Amino acid sequence: MAEERRSILVASGLDPSGGAGFIADVRVVERAGWRAAGAITAQTVQDTCGVRRVEPVGAELLEAQLTALLSDVEVAAVKIGLVADGGGAEALARALALTGAPIVWDPVGAASSGAALALEDLASLAARLAPEVDLITPNLAEAGAILGRRVSDLEAARVAAVDLAARFGCAVLVTGGHLEGAPTDVLAADGSATDIAGRRVAGAAVHGTGCFLSSAIACGLAAGLDAGAAARRAKAELEARLDDPAHPGRGAPAVL
Ligand code: PLP
């Protein structure tokens with residue numbers, strides 16, 4: 001009999017180029033030895049040169065997909081990526097009440113190219129979804145958008161992580177890839193903030209880093225690691241991948 005692999009549920013947007021979003025999330029999960037199950041939250045028209053269009057999947061359809069899945073398949077963790085509108089955030093919040101597994105949400109506002117991916121502001125999406133998840137992983141701009149202020153240096157990232165954790169009652173990893181200097185992430189959990197040091201990898205901006213990191217963290221939580229250990233391991237894996245990115249098209253390189 002085949003050895004059963006446990007499932008990790010991925011709910012994210014479809015980047016048809018595969019460098020980010022659902023396809024990248026599934027790759028991370030399967031490479032880590034888990035079985036991916038999933039629902040698409042939004043279709044996009046994009047290639048490695050940029051995003052041209054975003055179409056959210058209808059909230060009723062998304063909730064029906066997630067409810068069917070979570071009533072049937074026992075999941076070890078959930079990774080949520082792009083949630084493009086408020087109906088989607090509410091559908092996810094309702095459906096995810098069906099699982100007790102750890103839930104990671106990477107709140108995506110815009111692509112690294114600058115193109116908008118979420119059609120509603122992140123603060124209102126976060127108000128609906130973040131209280132239902134265990135860990136959110138905003139970058140500096142996304143943390144700033146949710147809080148309504150600029151978050152641009154390490155000290156501001158530490159304060160933002162603690163403020164977001166208090167607001168939503170979840171752990172928060174503010175990722176520091178866009179900091180000047182060392183790319184330090186800040187994890188706020190249980191009332192205190194901890195820096196997670198990183199190594200800057202030289203080269204062009206790589207597509208899909210946030211998707212990779214949050215999916216790898218979900219894999220760590222599924223394996224029983226705490227948020228700090230899962231975040232450290234995922235960051236080390238991401239840095240190793242950044243040394244040798246993929247080049248699927250004429251535009252940006254991709255993590256995998
Ligand atoms: N497309 C989708 C569906 C995504 O979820 C993301 C990021 O999460 C992107 C594109 C953009 O990825 P990046 O900002 O790494 O270029």
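**Ligand site and sheet: a briefing**

Six nonpolar residues, seven polar ones and one charged residue make up the shell around the ligand. The structure is a predicted model. Its nine strands form an open sheet with mixed pairing, and helices α1 and α8 are described below by the strands they meet.

**Ligand site**

- The ligand is surrounded by 14 residues, of which Q46, S112, H207, G208 and C211 come nearest.
- H207 has a polar side-chain atom 2.5 Å from an oxygen atom of the ligand.
- For S112, a polar side-chain atom lies 2.7 Å from a ligand oxygen atom.
- G208 takes part through its backbone: one of its polar backbone atoms is 2.6 Å from an oxygen atom of the ligand.
- The ligand taken alone exposes 390 Å², and the protein buries 93% of that area.

**Sheet**

- The strand order across the sheet is β3-β2-β1-β4-β5-β6-β7-β8-β9.
- Strands β3 (50-56) and β9 (192-196) are the edges, each pairing on one side only.
- Strands β7 (residues 171-174) and β8 (residues 185-189) run antiparallel and are joined by three bridges.
- V172 has A188 in β8 as its bridge partner.
- In general, strands of a sheet pair through backbone hydrogen bonds, in either a parallel or an antiparallel way.

**Helices on the sheet**

- Helix α1 (residues 21-31) packs on the sheet and touches β1 (7-14), β2 (35-47) and β4 (75-80).
- The direction of α1 makes about 160° with that of β1.
- Helix α8 (residues 227-242) lies across β7, β8 and β9.
- Relative to β9, helix α8 runs at about 20°.

Technical notes
Residues numbered from 1 in each chain as written. Predicted model: local features only at pLDDT ≥ 70, side-chain atom pairs only at ≥ 80, totals over all residues. Heavy atoms only, no water. Near = heavy atom within 4 Å. Polar contact = N/O pair within 3.5 Å; in protein donor to acceptor, adjacent residues only side chain to side chain. Areas by Shrake-Rupley, 256 points an atom, 1.4 Å probe, with all protein chains shown as cover. Nonpolar A, V, L, I, M, F, W, Y, C, P; charged D, E, K, R; others polar. Pairing = 2+ DSSP bridges. Helix = DSSP H or I, 4+ residues; strand = E, 2+ residues; numbered from the N terminus. Contact = heavy atoms within 4.5 Å. Axes fitted to C-alpha atoms, helices over the stretch in contact; angles between N-to-C directions.
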